[in-house]
Amino acid sequence: MIKAHGLSRARLKSLVDAAKAARKKAYCPYSHHPVGAAVLTDKGRIYTGANVENASYGLSLCAERVAVFNAVSRGDSKVRAIAVACKDARPCGACRQVVMEFADRSTALILVSTGKDDGNDKITVTRAALMLPGAFDPLASGLLPQPQPKNGR
Ligand code: THU
């Protein structure tokens with residue numbers, strides 16, 4: 001079985017398919033730029049999201065944040081991998097920061113660039129942390145307490 005950043009080929013395919021299916025639910029009458037995202041959590045569950053725009057443009061939300069907030073609001077907040085599907089997949093800076101809040105160093109980021117939607121997707125697997133060097137860190141900044149070692153030492 002081929003592994004990509006700790007993900008089996010089957011898992012990777014499920015996540016890519018889920019992001020592409022979610023993309024079909026995008027509400028994007030202003031940009032006409034549909035984006036889908038799918039989050040795999042450490043519990044092995046997949047949560048999806050699509051971008052949702054608004055006539056007051058600034059209120060629009062990206063697919064990645066919808067997917068992450070979907071997972072977190074269902075009590076499943078440890079992100080193992082996230083896939084993003086759109087014409088040319090490159091998550092915006094705000095979404096990268098939001099992903100990092102729930103990611104760890106090994107969290108995979110799967111970019112599914114669908115191009116002309118002719119079935120020739122370009123899939124790149126990287127790590128979320130590599131896409132946002134020097135991310136604002138709630139632990140380093142002291143905003144969250146340092147996790148205590150399990151043995152109490
Ligand atoms: N968008 C996303 O959903 N994710 C990205 O990674 C980049 C941009 C959305 C926001 C907006 O609805 C549309 O794409 C055009 O910017």
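Let's start at S8, which sits in strand β2 (residues 7–8). Keep in mind as we go that this is a predicted model. Is S8 buried or exposed? Its relative accessibility comes out at 13%, and since buried means under 20%, S8 counts as buried. Its side chain also has a partner: it reaches the backbone nitrogen of R11, at 3.0 Å.

R11 brings us to helix α1, which covers residues 9–23. A quick sanity check on its geometry: at 1.5 Å a residue, the 15 residues of α1 should span 21 Å, and the C-alpha atoms at its ends are indeed 21 Å apart, so the two agree. Which residues of α1 are buried? They are L12, L15, V16, A18, A19, A22 and R23. Looking down the axis of α1, you'd find these buried residues within an arc of 160°, which means they line one face of the helix. The general background is simple: an α-helix has 3.6 residues a turn, so residues three or four places apart point the same way. Turned away from the buried side of α1 is a face that carries the exposed residues R9, A10 and K13.

Now for the strands, with β5 as a handy reference. Seven of the eight residues in β5 are buried, so this strand is mostly covered. How do its partners run? β3 and β5 are antiparallel and joined by six bridges; here L40 stands opposite A81 in β5. β5 and β6, on the other hand, run parallel, again with six bridges between them, and I82 has L109 in β6 as its bridge partner.

I82 and L109 turn up again in the largest nonpolar core, a set of 21 residues. Together with V39, V68 and V99, they are the members that touch the most other members. Which elements give two or more residues to this core? On the strand side they are β3 (36–41), β5 (79–86) and β6 (108–113), and on the helix side α2 (63–73) and α3 (93–101).

V39 is a good place to zoom in. Setting aside neighbours within four places in sequence, V39 is in contact with L15, R45, I46, Y47, A67, V68, A71, V79, A81 and I82. Several names here are already familiar: L15 is one of the buried residues of α1, and A81 is the residue in β5 that L40 stands opposite.

That isn't the whole story of the interior, though. There is a second, separate core of 14 residues, and its members include L7, L12, A83 and A108. L12 takes us back to α1, where it is among the buried residues.

Conventions:
Residues numbered from 1 in each chain as written. Predicted model: local features only at pLDDT ≥ 70, side-chain atom pairs only at ≥ 80, totals over all residues. Heavy atoms only, no water. Core = buried A, V, L, I, M, F, W, Y, C linked by side-chain atoms within 4.5 Å. Buried < 20%, exposed > 50% of the residue type's maximum accessible area, 1.4 Å probe, protein only. Helix = DSSP H or I, 4+ residues; strand = E, 2+ residues; numbered from the N terminus. Contact = heavy atoms within 4.5 Å. Expected span 1.5 Å × (residues − 1). Arc of directions from axis to C-beta. Polar contact = N/O pair within 3.5 Å; in protein donor to acceptor, adjacent residues only side chain to side chain. Pairing = 2+ DSSP bridges.
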